[in-house]
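Here is a briefing on a two-chain model. Strand pairing comes before the chain totals and the interface.

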Amino acid sequence: MTAFETYWKGFIVPENYDQKTESEEAAFADRIAEPLRAPERAHPSFEKRLMERVRMEGAVLYPQPSPGNGSWWRHEWVIRLSARSGIAIAAGIGAIIALSGIAVGSRISARSQGSSPLAQATTVRDTVQLVRFVFVDSGAASVALVGDFNEWTRGATELKRSGAPGVWTVSVALTPGRHEYAFIINGSQWVADPLALRSSDDFGTESSVIRIGTAAQSTT
Amino acid sequence: MTGLSDAELIAAVLAGDIDSFAGLVRRYQDTCTRFAVRMLGSHVDADDALQSAFMRAFRGLRRCNDPDHFGGWLYQIVVNECRTHASRQRHRGLRFPSAPDAIERAVAPGSEEEPDRDVGGHIERALSMLPSDQREAFLLKHVEELTYEEIAAMTGVSVSALKMRVKRACDGLRDLLEGVYRA
């Protein structure tokens, strides 16, 4: 009789197995699980390989603040509202987000509604809402949108030139609720709305926040 | 770095200290490896799944709403990633070696081969024959020793359904191994 047979027959195959109690079943499972609980070690190179990938993406995802300059983006980027945003609203496209830099700091909703939401949703309640993101920067070669709705995946949601100089747009279907997002410019520069960041992010990081409500709820 | 809590390490990463993520990797890589190896039956596939899982965790670190319980959040990602890899394995037809054959060759009565005394290996091979949802439930309950409530929160499967999966897993293991070791 092998060691396993001894191990096995001692507890696994009673005649009245079907009538066994819950505790007996638990004991059986525990005996089976015991050898499976033996520790396993990750490959010695696991951490090294992983951290190489982490460092490649980390500089964009979690950039360090510039030393001596508390708000690097204030001087790096001036983002203004596109005139096309107003056209979009008139056309009933849905909510429009204008990412605004401190230097200019204009927001379509604030201007048009006399309030201070980041975005305004005007679509049917309890449905996915089409949100148009507008970004203006004449020097950008590419603009990407990352957020919880695309698992912060670079390249998943690229903005396209709208036709007007320096205006980039993309429309994204968002479910009602709170969403975080940011823009990545030229594949490396992370840009987020500073006000939304400070008011909404648990860690004081750079994400912007949009709340998509129903037709009866203005978004913030 | 090892003295820092999960929440402190996460805060450091989010503040731009990317290398702090290595502290989280060291803390959880072995525990996650055990589950992934048992689930996928291969160290290579487990390594691949965990690389993906840790990267997903890194990318989504802002969405870890309870940084003090990073481990549970990470585990949820690992479980999902292993599901994905298990599905790929099925499509590739490359999962485990033929488990029943391996078990039978090892200990079949009258076999000319030296009896295999690798108890854990036999159980692993039997485990590999279970449907992946049953294997996952059995591992989380009895190997990782989570409560049904914890597993339900992690997997989105109801407690009653999890209990049924675990029971079926136990029945399946018993049937498979009973066939091999019947007197």
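In this predicted model, strand 7 of chain A runs antiparallel to strand 9 (residues 208-212) of chain A, and five bridges join the two. Strand 7 spans residues 177-185 and is mostly covered, with seven of its nine residues buried. Strands 3 and 8 of chain A also pair with strand 7 of chain A.

**Strand 7 of chain A and its partners**

- On the strand 9 side, His179(A) stands opposite Ile210(A).
- Strand 3 of chain A covers residues 143-147 and pairs with strand 7 of chain A over five bridges. The sense of that pairing is antiparallel.
- Leu145(A) faces Phe183(A) of strand 7, the two standing opposite each other.
- Strand 8 of chain A, residues 189-191, is joined to strand 7 by three bridges. These two strands are antiparallel as well.
- Ile185(A) has Gln189(A), in strand 8 of chain A, as its bridge partner.
- Strands 7 and 8 of chain A form a hairpin with three residues between the strands. Asn186(A) in this hairpin takes a positive phi near 55°.

**Chain totals**

- Chain A has seven helices and nine strands.
- Chain A has 220 residues, and 35% of them count as buried.
- Take the contacts in chain A with a separation of 6 or more: 64% of them link residues 24 or more positions apart.
- Chain B has nine helices and zero strands. Its pattern along the sequence reads α-α-α-α-α-α-α-α-α.
- Chain B has 183 residues, of which 42% are buried.
- For chain B, residues 24 or more positions apart make up 64% of the contacts with a separation of 6 or more.

**The interface between the chains**

- How many residues of each chain are in contact with the other chain? The count is 40 residues in chain B and 47 residues in chain A.
- Six helices of chain B each give two or more residues to the side that touches chain A. They are helix 1 (6-14), helix 2 (21-40), helix 3 (43-59), helix 6 (119-128), helix 7 (132-143) and helix 9 (159-181).
- Helix 2 of chain B provides the largest share of that side, at ten residues.
- By class, the side of chain B that touches chain A holds 20 nonpolar, eight polar and twelve charged residues.

**Helix 3 against helix 3**

- Two packed helices are described by the angle between their axes and the distance between the axes.
- The axes of helix 3 of chain A (residues 46-61) and helix 3 of chain B come within 10 Å. They cross at roughly 25°.
- Angles under 35 degrees count as roughly parallel, so helix 3 of chain A is roughly parallel to helix 3 of chain B.
- The crossing of these two helices is right-handed.
- Which residues of helix 3 of chain A meet helix 3 of chain B? They are Phe46(A), Arg49(A), Leu50(A), Arg53(A), Val54(A), Glu57(A) and Leu61(A).
- On the other side, helix 3 of chain B brings Asp47(B), Gln51(B), Phe54(B), Met55(B), Phe58(B) and Arg59(B) to the contact.
- The residues of this helix 3 to helix 3 contact divide into seven nonpolar, one polar and five charged.

Notes:
Residues are numbered from 1 along each chain as its sequence is written. Chains are lettered from A and ligands numbered from 1 in the order in which they are written. This is a predicted model: local features need pLDDT of at least 70, side-chain atom pairs count only at pLDDT 80 or more; totals for chains, interfaces and linings use all residues. Two residues are in contact if their C-beta atoms, placed from the backbone, lie within 7 Å. Helices (H or I, at least four residues) and strands (E, at least two) are DSSP runs, numbered from the N terminus. Ala, Val, Leu, Ile, Met, Phe, Trp, Tyr, Cys and Pro count as nonpolar, Asp, Glu, Lys and Arg as charged, and the others, Gly among them, as polar. A residue is buried if 20 or more other C-beta atoms lie within 10 Å of its own, exposed if 12 or fewer, and partly exposed in between; C-beta atoms are placed from the backbone. Axes are lines fitted to C-alpha atoms, for helices over the stretch in contact, and angles run from 0 to 180 degrees between N-to-C directions. Angles under 35 degrees count as roughly parallel, over 145 as roughly antiparallel, 65 to 115 as roughly perpendicular and the rest as oblique. A crossing is left-handed if the near helix is turned anticlockwise from the far one by less than a right angle, and right-handed if clockwise. Two strands pair if DSSP finds at least two bridges between them.
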